[in-house]
Each structure stands twice: as C-alpha cells, then as structure tokens.
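Here are my notes on the model you sent over, set out point by point. Have it open while you read.

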Amino acid sequence: KKPIRIINDGTTSNEDRLGALKDIDYVVKQEMIKDNLMVIAGDNLFEFSVRAFGKFLNSKKTSVVAVFDMKDKSKLAKKFGVVKLDNNNKIIDFEEKPEKPKSSLAATACYIFTPGDIEELDQFLKIHKKADNPGDFLSYITKKKFIYGYAFDEGWFDIGSFDQLEEAYKRY
C-alpha cells in the first residue's frame, strides 16, 4: 500500500488555476514521479475496481483509460470523449466531444499513464496551450502510441453535470 498525498498547486482563484493537464505536470515534477501515475478526475463516481484497473495496465504494459458503454450514442454528443476499441481493447479512434459520435464508448477521466507517456505530457504542453482537458492529451497520445481502454460495466457517472448528478442521486 502506498500513502495518499495531497499536493497544493498554489491556486487561489479561477484566474490563476493551472488547468488539469498542467496540474498533473506540476505534481509529476514536484514529487519527481518516475512510476505509473493514476489520475482520476474528481467529478467521476464509479463502481469499478481500481485494483482491477491497475492489473489491466500491468497486462497491457501501456497507458490505459477507463471506458464506459453509454449504450446510446446520442448521450455522448458534445459531452464526452468517444473511444473506439479493437478486439484487444486497443484504442483505434478517439474524438473529444464530437457532434456525431462513432461509438457509444465514453472515455472517463480515469487514466493510468506510464512514465514514458508522462514524458510526452511535457512535450504536449510545450506545443498545445490548452491545459484543462485531459481528453486533448489522450487524443494526442493515441496518435503516437498504443493506448488501451479498460471497458467496465459497473456504474459510472460524470457528476460534473446536473443531469448525471441527478441520475447518480436516484441510483444511490
């Protein structure tokens, strides 16, 4: 078991916040992380096993993202990153919040990045000024490397939206 640490990025308002990707980069550099890095956005409410998610990473030996089948493409339009997987769960297509989703698989904001992909984050941030959407980095990295989707069917809600928060409230 590893201890959990909370790192303060020094943000005091919306005006000086770093954004999700720069926050990840900040923590990696501040803590000198050289290992796999699990990132779970705070607006995720999920029931899948984090341990099984980690075992999936170990079996693939590459970065992974948890994906959830929404069963209905219209529920994804303009709201979520959309993933297509091959028969081995390798991501073969990723689009961030498309108008016309090609799949019903939503990319959750639950990732485990390998050290090599974390190094790619530094390059990404030098090229791209968008720093608040991990989906943009996922789109970038899937064009360069194999990334796998950890498909799960346990419950998942993006409680950052009122409709999903209401659905979660009804369920629980």
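**Notes on the model**

1. Let's start with a charged pair: Lys144 and Glu120 form a salt bridge through their side chains, at 2.9 Å from N to O. Lys144 sits in the loop between helix H4 (134-142) and S7, while Glu120 belongs to helix H3 (residues 115-127), so the pair ties together parts that are 24 residues apart in sequence. Keep in mind throughout that this is a predicted model.

2. Glu120 has a second partner to look at. The side chain of Lys145 also meets Glu120 in a salt bridge, here with 3.9 Å from N to O. Lys145 lies in the loop between H4 and S7 and Glu120 in helix H3, so this pair links parts that are 25 residues apart in sequence. That N to O value of 3.9 Å still passes, because a salt bridge is counted within 4 Å.

3. How covered are these three residues? Glu120 is buried, with a relative accessible area of 15%. Lys144 counts as partly exposed at 48% relative accessibility, and Lys145 is also partly exposed, at 31%. The labels follow from the cut-offs, because buried means under 20% and exposed means over 50%.

4. Which residues do salt bridges with shared partners join into one network? They are Asp25, Lys29, Asp122 and Lys126. For the full tally, the whole structure holds eleven salt bridges. As background, side chains of opposite charge can pair when their charged atoms come close.

5. Another pair worth a click is Asp93 with Lys102, a salt bridge whose closest N and O atoms are 3.5 Å apart. Asp93 is partly exposed, with a relative accessible area of 22%. Lys102 is partly exposed too, and its relative accessible area is 45%.

6. Asp93 also turns up in a strand pairing. Strand S4 (residues 81-85) and strand S5 (residues 91-96) pair over five bridges in the antiparallel sense, and Lys84 stands opposite Asp93 in S5. S4 and S5 make a hairpin, with five residues between them. In the turn, check Asn89, which has a positive phi of about 70 degrees.

7. Do strands S3 and S7 run parallel or antiparallel? Strand S3 (residues 64-69) and S7 run parallel, joined by five bridges. If you want a spot to center on, take Val67, whose bridge partner in S7 is Ala151. Strand S7 (residues 148-152) is largely enclosed by the rest of the structure, because four of its five residues are buried.

8. Now for a polar residue under cover. Gln164 is in helix H5 (residues 162-171) and is buried, with a relative accessible area of 7%. Which residues does Gln164 contact, leaving aside its neighbours within four places in sequence? The list is Met70, Trp156, Phe157, Asp158 and Ile159.

9. On the surface, have a look at the nonpolar patch made by Met38, Ile40 and Val50, which covers about 210 Å². Ile40 is placed in strand S1 (residues 37-40). With a relative accessible area of 35%, Ile40 is partly exposed.

10. Stepping back to the fold: the chain has five helices and eight strands. Along the sequence they follow the pattern α-β-β-α-β-β-β-β-α-α-β-β-α. The radius of gyration is 16 Å, close to the 16 Å that the globule rule gives for 172 residues, so the chain is as compact as a globular protein of that length. Its C-alpha trace spans about 40 × 35 × 35 Å along the principal axes.

11. Last, some totals for the chain. Of its 172 residues, 41% are buried. Among contacts with a separation of 6 or more, 66% come from residues 24 or more positions apart. The chain exposes about 10600 Å², and carbon and sulfur atoms supply 51% of that area.

How values were computed:
Residues numbered from 1 in each chain as written. Predicted model: local features only at pLDDT ≥ 70, side-chain atom pairs only at ≥ 80, totals over all residues. Heavy atoms only, no water. Patch = residues over 30% accessible without salt bridge, like charges linked within 9 Å, V, L, I, M, F, W, Y side chains within 5 Å. Areas by Shrake-Rupley, 256 points an atom, 1.4 Å probe, with all protein chains shown as cover. Helix = DSSP H or I, 4+ residues; strand = E, 2+ residues; numbered from the N terminus. Buried < 20%, exposed > 50% of the residue type's maximum accessible area, 1.4 Å probe, protein only. Pairing = 2+ DSSP bridges. Rg over C-alpha atoms; globule rule 2.2 N^0.38 Å. Contact = heavy atoms within 4.5 Å.
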